[in-house]
Amino acid sequence: MFKILIIGNSSVGKTSFLFRYADDSFTPAFVSTVGIDFKVKTIYRNDKRIKLQIWDTGSTPARQGGAGILQAITCPPLAASYRSTQIKTYSWDNAQVLLVGNKCDMEDERVVSSERGRQLADHLGFEFFEASAKDNINVKQTFERLVDVICEKMSESLDTADPAVTGAKQGPQLSDQQVPPHQDCAC
């Protein structure tokens, strides 16, 4: 199971992004998320079943921890830089982050250009996706890429880890003759 946080300022489309991915639905009505909401979605990657617990953090600071973070931006880049500072300050050395320019369908109303979003992502060391929850553009691809990055980093960690730290050391095995006696239990 991977816990994924969707963070960003109010009105950037975090809830719409979550609902488009988890339920393949979109509602144009704006309702501010109070507190935190989440959805669960099971996907398959590389012949493995992965359960995603996707948290919509509203506009509250992201301090809940997670394997991955989607940071939505449609507001000025300064806010995205602030959130990125929060990620680095309060969280997870191993959390993987993607920057998402949501609402790319609203070209006439955009505050952050695609080029500026890419520059910010490069500066922060994140991958960048343009997306639209309304028109279902790059929503699934964004989540899939984040899951792939998380899996790649986990694989790298396991490949370079010390067996004594990861618990890969083989302990004693029970042979057929060493089977513990049957015990009745109420579980």
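Buried means under 20% relative accessible area. Cys 104, at 18%, therefore counts as buried. Keep that cut-off in mind for the tour of this predicted model.

**Stop 1: the whole chain**

Show everything as a cartoon. The chain has 5 helices and 6 strands. Read from the N terminus, the elements go β-α-β-β-β-α-β-α-β-α-α. Now colour by burial. Of the 187 residues in the chain, 38% are buried. Then turn to contacts. Among those with a separation of 6 or more, 70% link residues 24 or more positions apart.

**Stop 2: the sheet**

Hide the helices. What is the strand order of the open sheet? The 6 strands are ordered 2-3-1-4-5-6, and the pairing is mixed. Strand 2 and strand 6 (127–130) are the edges. Each has a single partner strand, so one side of each has no neighbour in the sheet. Look along the sheet for its twist, which averages 25 degrees from one strand to the next.

**Stop 3: strand 1**

Select residues 2–7. This is strand 1, and 5 of its 6 residues are buried. Add residues 48–56, which form strand 3. Strand 1 and strand 3 run parallel, joined by 5 bridges. Pick Ile 6 and find Asp 56, its bridge partner in strand 3.

Now add residues 68–73, which are strand 4. Strand 4 pairs with strand 1 over 4 bridges, again in the parallel sense. Two bridge pairs can be picked out here. Ile 4 has Gly 68 as its partner in strand 4. Ile 6 has Leu 70 as its partner in strand 4. Ile 6 therefore has a bridge partner in strand 3 as well as in strand 4.

**Stop 4: the hairpin**

Select strand 2 (37–45) together with strand 3. These two run antiparallel, with 9 bridges between them. Thr 42 is a good place to zoom in, as Lys 51 in strand 3 stands opposite. The hairpin has 2 residues between its strands. Go to Asn 46, in the loop between strand 2 and strand 3. Asn 46 is not a glycine, yet its phi is positive, about 50 degrees. Most residues other than glycine have a negative phi. Is Asn 46 buried or exposed? Its relative accessibility is 67%, so Asn 46 counts as exposed.

**Stop 5: helix 1**

Bring back residues 14–23, which are helix 1. Show side chains for its buried residues: Lys 14, Phe 17, Leu 18, Arg 20, Tyr 21 and Ala 22. These pack against strand 1, strand 2, strand 3, strand 4, strand 5 (96–101) and helix 4 (139–160).

Step past the end of the helix. Asp 24 follows helix 1 and sits in the loop between helix 1 and strand 2. Asp 24 is another residue that is not a glycine and has a positive phi, about 50 degrees. Its relative accessible area is 53%, so Asp 24 is exposed.

**Stop 6: where helix 1 meets helix 4**

Show helix 1 and helix 4 together. Their axes come within 9 Å and cross at roughly 85 degrees. The two helices are therefore roughly perpendicular. Which residues make the contact? From helix 1, select Phe 17, Arg 20 and Tyr 21. From helix 4, select Val 139, Lys 140, Thr 142 and Phe 143. By class, the contact has 4 nonpolar, 1 polar and 2 charged residues.

**Stop 7: helices on the sheet**

Bring the sheet back. Select residues 114–124 for helix 3, which lies across strand 4, strand 5 and strand 6. Helix 3 runs at about 160 degrees to strand 6. Next, look at helix 4, which also packs on the sheet. Helix 4 touches strand 1, strand 2, strand 3, strand 4, strand 5 and strand 6. Its direction makes about 165 degrees with that of strand 5.

**Stop 8: the cysteines**

Finish with two picks. Cys 104 is the buried residue from the opening, at 18% relative accessibility. Cys 151 has a relative accessible area of 23%, so Cys 151 is partly exposed. How many disulfides does the structure hold? The count is 0.

Terms used
Residues numbered from 1 in each chain as written. Predicted model: local features only at pLDDT ≥ 70, side-chain atom pairs only at ≥ 80, totals over all residues. Heavy atoms only, no water. Buried < 20%, exposed > 50% of the residue type's maximum accessible area, 1.4 Å probe, protein only. Contact = heavy atoms within 4.5 Å. Disulfide = S-S within 2.5 Å. Axes fitted to C-alpha atoms, helices over the stretch in contact; angles between N-to-C directions. Parallel < 35°, antiparallel > 145°, perpendicular 65-115°, else oblique. Nonpolar A, V, L, I, M, F, W, Y, C, P; charged D, E, K, R; others polar.
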